[in-house]
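Me: Please take a close look at the packing inside this structure. I am new to it, so please explain each term where it first appears.

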Amino acid sequence: MNNRDPLLQQLDRIQHGSLLVGIVAAVACAAGALYTPQQFFRSYLLAYLFWSGISLGCLALVMLHHLVGGGWGFLIRRMLESGTRTLPLMVLFVAPVLLGLRHIYVWTNPGAVAADRLLQHKRIYLNVPFFVARTAVYFALWILLAYFLNKWSSRQDHSADPALRRRLNNLSGPGLVLYGLTVTLASVDWVMSLEPDWFSTIFSALFMIGQVLAALAFAIALLMLVASRSSLSEILSSRYMNDLGNLFLTFVVLWAYMAFAQFLIIWYGNLPDEITWYLHRVKGGWEWIVVLLIAFHFAVPFLLLLFRGVKRRIRVLSVLAAAVLVTRLVDLFWTVEPAFDRGGLRFHWLDWVAPVAMGGIWMAVFVWQLKRRPLLPLHDPLLREVLKQSA
């Protein structure tokens, strides 16, 4: 891409606009932090879970593509790789979470621990130094995986060495296992420990699926903006769009299945230590959020994605993906907010401004990374087969 490239100009506008919005919203968040620090840190956690989830979901999808191949992956691969290269930014963004632990997590309060026998048993794991150390290990492993995946993929822009394909494939299998283990622990640390008396063996899987779904929805939504003005148009066939739509449908259904399985098991068990988590989320106005999630996180996308015409039309699929992405933020809000406020549904302006602030800066860095490399790894041996089939 060069300075006269319409796509580069469009990406420049997105980058500059996102950065401006992010900075303005960040200033507003800073003012909110001075006025109500507790609410700021809680809203900040919501924003962090959403945007870090997209970065990590991109990492999982890149490795999935290297393992299974398919033309669908080449449509979004470089966008996913750019998403993984935002992980160092998320290391910087995690600092306010660590600084605000006492405003977020009840287990950081010595008085609360002394009054709760269960917390006393869990304090070997749930303590600030160990929490910070685990977070550092998670990010070290994630960034290491992203580094090698991007390094070897970048070399494919200049070399047709088949060894690069083998390296990417050999790393992706163990990498997905490592991703699953670390995100399982991170979901316990970052989200489940908000209510340390509650537990669910399905929650970590649901958390991971949500990350992948958010990353996939983000990439599909962005595809509409870049595909027609770039080399991606060479492989933008109805066949590969259909495959991408089918993958999208798979994760929509998988999320709904895991969410319902968790609800059914806990509700049927009817144990006070478990069922109260749902009771706080189905009354006091939260029931309307549940209806919204059922409708727009599952029912509407599921029904629309059954039609080939939806999956094969990039504009329709991208708009649907954008809607699911917004619903992902609502789902995280429904998961996180009731842990802090048991008085029913309420909205604070920081709950909306914090994701915009972080998202504006995240998007600017993402676009900057996207512009640095061609949108197709032209020397990838699998891509040659895809180009032949698209011709």
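Reply: Angles under 35 degrees count as roughly parallel, over 145 as roughly antiparallel, 65 to 115 as roughly perpendicular, and the rest as oblique. They run from 0 to 180 degrees between N-to-C directions of axes, lines fitted to C-alpha atoms, for helices over the stretch in contact. The model is predicted, so local features need pLDDT of at least 70 and side-chain atom pairs count only at pLDDT 80 or more, whereas totals for chains, interfaces and linings use all residues. Residues are numbered from 1 along each chain as its sequence is written, and side-chain values use heavy atoms, with hydrogens and water left out. Helices (DSSP runs of H or I, at least four residues) are numbered from the N terminus.

Consider the pair H11 and H15. The axes of helix H11 (residues 238–269) and helix H15 (residues 314–336) come within 12 Å, with a crossing angle of roughly 25°. The two helices are therefore roughly parallel to each other. On the H11 side, Met 241, Gly 245, Phe 248 and Trp 255 take part in the contact (heavy atoms within 4.5 Å). Their partners in H15 are Ile 314, Leu 317, Leu 320, Ala 321, Val 324, Arg 328 and Asp 331. By class, this contact has eight nonpolar, one polar and two charged residues. In this classing, Ala, Val, Leu, Ile, Met, Phe, Trp, Tyr, Cys and Pro are nonpolar, Asp, Glu, Lys and Arg are charged, and the others, Gly among them, are polar.

A further residue of H15 is Leu 329, which counts as buried at 15% relative accessibility. Buried means under 20% relative accessible area, exposed over 50%, and partly exposed in between (1.4 Å probe, protein chains only). Not counting residues up to four places away in sequence, Leu 329 touches Leu 46, Phe 50 and Pro 355. Ser 237, by contrast, lies 92 residues from Leu 329 in sequence and 31 Å from it in space, C-alpha to C-alpha.

Leu 46 and Pro 355 also appear in the contact of H2 with H16. The axes of helix H2 (residues 37–68) and H16 come within 8 Å and cross at roughly 40°, and the pair is therefore oblique. H2 contributes Gln 39, Phe 40, Ser 43, Tyr 44, Leu 46, Ala 47, Tyr 48, Trp 51, Ile 54 and Ser 55. From H16 come Leu 350, Asp 351, Ala 354, Pro 355, Met 358, Gly 359 and Trp 362. The residues of this contact divide into 12 nonpolar, four polar and one charged.

Helix H16 (residues 349–370) also holds Met 363, which is buried, with a relative accessible area of 14%. Leaving aside residues up to four places away in sequence, Met 363 touches Ile 14, Ser 18, Phe 218 and Leu 222. Its C-alpha atom is separated by 6.8 Å from that of Gln 15, although the two residues are 348 apart along the chain. Ile 14 belongs to helix H1 (residues 6–35). Beyond four places in sequence, Ile 14 touches Leu 225, Met 363 and Val 367.

Two of the residues already met, Tyr 48 and Phe 248, return in the largest nonpolar core. Such a core is a set of buried Ala, Val, Leu, Ile, Met, Phe, Trp, Tyr and Cys residues joined through side-chain atoms within 4.5 Å. Of its 132 residues, Tyr 48, Trp 142, Trp 190 and Phe 248 touch the most other members. Trp 190 touches residues including Leu 45, Tyr 48, Leu 49, Phe 131 and Trp 142, with those up to four places away in sequence not counted.

The pair H3 and H8 has another make-up. The axes of helix H3 (residues 71–84) and helix H8 (residues 128–155) come within 10 Å and cross at roughly 140°. That makes H3 oblique to H8. Arg 77, Arg 78, Glu 81 and Thr 84 of H3 meet Ala 146, Asn 150, Ser 153 and Ser 154 of H8. One nonpolar, four polar and three charged residues form this contact.

A last feature lies in the loop between H11 and helix H12 (272–279), where Asn 270 is found. Asn 270 is exposed, with a relative accessible area of 52%. It has a positive phi of about 55° although it is not a glycine. Most residues other than glycine have a negative phi.
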